[in-house]
Structure formats: C-alpha cells, structure tokens
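Please open the model in a viewer and keep the selection panel at hand. The tour below proceeds one selection at a time.

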Amino acid sequence: MSKVGIYPGSFDPITYGHLDIIQRSLHVVDKLIIAVSNNKSKKHLISVDQRLELIEKSIQDLPTDDQKRIEIEKFDNLLVHYVKSKKSSVIIRGLRAVSDFEYEFLMTGMNRSIDNEIETIFLMSSEKYHFISSRFIKEIHSLGGDISKSVPKPVLDFLSKI
Ligand code: ADP
C-alpha cells in the first residue's frame, strides 16, 4: 500500500527551504500532497491560487520521478480532517531552529487530541536553508534586498512584478 504524506503550509511564497523538505519527504512517503492553506484569518501577500501556481512552477526543477509523486492542492478545513479525507495519516513539517519547536509541538499536540492516529514527521532542511523563512523573504524583498539565493526563479520573477 502506498504511503501518502501531507505537507501543509502557507507557502507565501515557496522557498528553497520548502523545496528541500519536499525532496526529503519523498524519501519517507510514496506520494506527497503539498497542501496550501487557504486560511482566511491569516493575512497572505500572495493569493492561494498564485501560491499553488508558484509551487507548480518551482517543482519543475525536481527530477521527473519526484514530480510524478507530488500533488498540490489548497485546503481550508481542519488539517486533520483534510488529512483523513486524503486517506493519509502522515503530516510532514519542517524544523529550522529551536524557535520553530514550540509552535510545532503545540500544533502536533492539538492535532493529536483531535485524531490520535495521525502522526507528524519533522524533517530538517539542509544547513544552507536553515535561515530561510517566507516572512523574511517578503521583508527583505520589500526593502529592495537580494533574495535570489533563497527562492526559486518563478518566485523571484513573480515578486519582482508586484
Ligand atoms: P505555516 O504558516 O504553516 O508555518 P510555512 O509555509 O511558513 O507555513 O511553513 C510550512 C512548513 O515548512 C513549516 O513546518 C515550516 O517550519 C517549514 N519550513 C519553512 N521554511 C523552512 C526552512 N527553511 N527549512 C525547513 N523547514 C521550513
């Protein structure tokens, strides 16, 4: 039976850090669904459909065999319900620094209290991507800084137009 993993996030925008986690997660699951959160209570710079499109374009650089095992979808319901609806029981999350830990710890606990059969797997990105976050990317870009080492080309092109 093939194992389906769900990688949820805002991806506002997708970065090389996310791409690294995507590739690593394909060592753990057979199929990965990148689930783009359409949570209306969170303020996003980029619309959910544009975020999906940027992910779609950005994964084109991955090996074809990896691409075939990836799906990209938006979701706006409770994550555990979404995971179940995809017949999955595995959530993938990335960890950078200790600062990520508390939020992820709480979220995993909350999800577990709703559905104890769903497991969250944490993966660490490569060292060179530890400091990349979508939030900083947006800040640096808005102040005219160079973000070309942190985001794939489609994101760079998109941000340079807005
Ligand atoms: P969210 O708003 O759900 O945290 P993000 O798009 O910011 O969505 O992140 C999605 C997941 O990817 C989170 O688990 C986050 O910790 C992880 N992540 C983001 N950037 C990196 C990175 N540079 N290295 C490792 N994990 C990362």
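Begin with the ligand: the space it takes is the largest pocket of this predicted model. Among the elements, those that give two or more residues to the shell around the ligand are strand S1 (4-9), helix H1 (16-25), strand S4 (90-95) and helix H5 (98-114). Colour these four elements before going further.

**The shell around the ligand**

Next, select the residues that surround the ligand. There are 18 of them, and the closest are Tyr7, Ser10, Lys42, Gly94 and Ser125. By class, the shell comprises seven nonpolar, six polar and five charged residues.

**Contacts to the ligand**

Now display the side chain of Lys42. An N or O atom in this side chain is 2.8 Å from an oxygen atom of the ligand. Move to Ser125, where a side-chain N or O atom lies 2.8 Å from a nitrogen atom of the ligand. For Phe11, show the backbone instead: one of its backbone N or O atoms is 2.9 Å from a ligand oxygen atom. Switch then to a surface view of the ligand, which exposes 550 Å² when taken alone; the protein buries 90% of that area.

**The loop between S1 and H1**

Stay with Phe11, which belongs to the loop between S1 and H1. What is the sign of phi in Phe11? The value is positive, near 50 degrees, in a residue other than glycine. Most residues other than glycine have a negative phi, and most peptide bonds are trans. Then select Asp12 and Pro13: the peptide bond from Asp12 to Pro13 is cis, with omega near 5 degrees. Pro13, too, is found in the loop between S1 and H1.

**The largest pocket**

Finally, hide the ligand and display the largest pocket, which holds about 1300 Å³ of space. Its lining consists of 42 residues, and those closest to the pocket centre are Ser10, Lys42, Arg93, Arg96 and Tyr103. Two or more lining residues come from each of S1, H1, S4, H5 and helix H6 (134-142). Which element gives the largest share of the lining? Select H5, which contributes six residues. Colouring the lining by class shows 15 nonpolar, 17 polar and ten charged residues.

To close, restore the ligand and centre the view on Ser10 and Lys42. Both are among the residues closest to the ligand, and both are also among the lining residues closest to the centre of the largest pocket.

Notes: Residues are numbered from 1 along each chain as its sequence is written. This is a predicted model: local features need pLDDT of at least 70, side-chain atom pairs count only at pLDDT 80 or more; totals for chains, interfaces and linings use all residues. Side-chain values use heavy atoms; hydrogens and water are left out. A residue is near a molecule or strand if one of its heavy atoms lies within 4 Å of it. A polar contact is a pair of N or O atoms within 3.5 Å; within protein, one must be able to donate a hydrogen and the other to accept it, and residues adjacent in sequence count only if both atoms are side-chain atoms. Accessible areas come from the Shrake-Rupley method with a 1.4 Å probe; for residues, only the protein chains shown count as cover. On a 1 Å grid over the protein atoms alone, a cavity is a set of points where a 1.4 Å probe fits but cannot get out, and a pocket is an open set with protein on both sides within 12 Å along at least five of seven lines; lining residues have an atom within 4 Å of a point. A molecule sits in a cavity or pocket if more than half of its atoms lie within 2 Å of its grid points. Helices (H or I, at least four residues) and strands (E, at least two) are DSSP runs, numbered from the N terminus. Ala, Val, Leu, Ile, Met, Phe, Trp, Tyr, Cys and Pro count as nonpolar, Asp, Glu, Lys and Arg as charged, and the others, Gly among them, as polar. Grid points are joined across faces, edges and corners, and a volume is the space filled by probe spheres set on the points.
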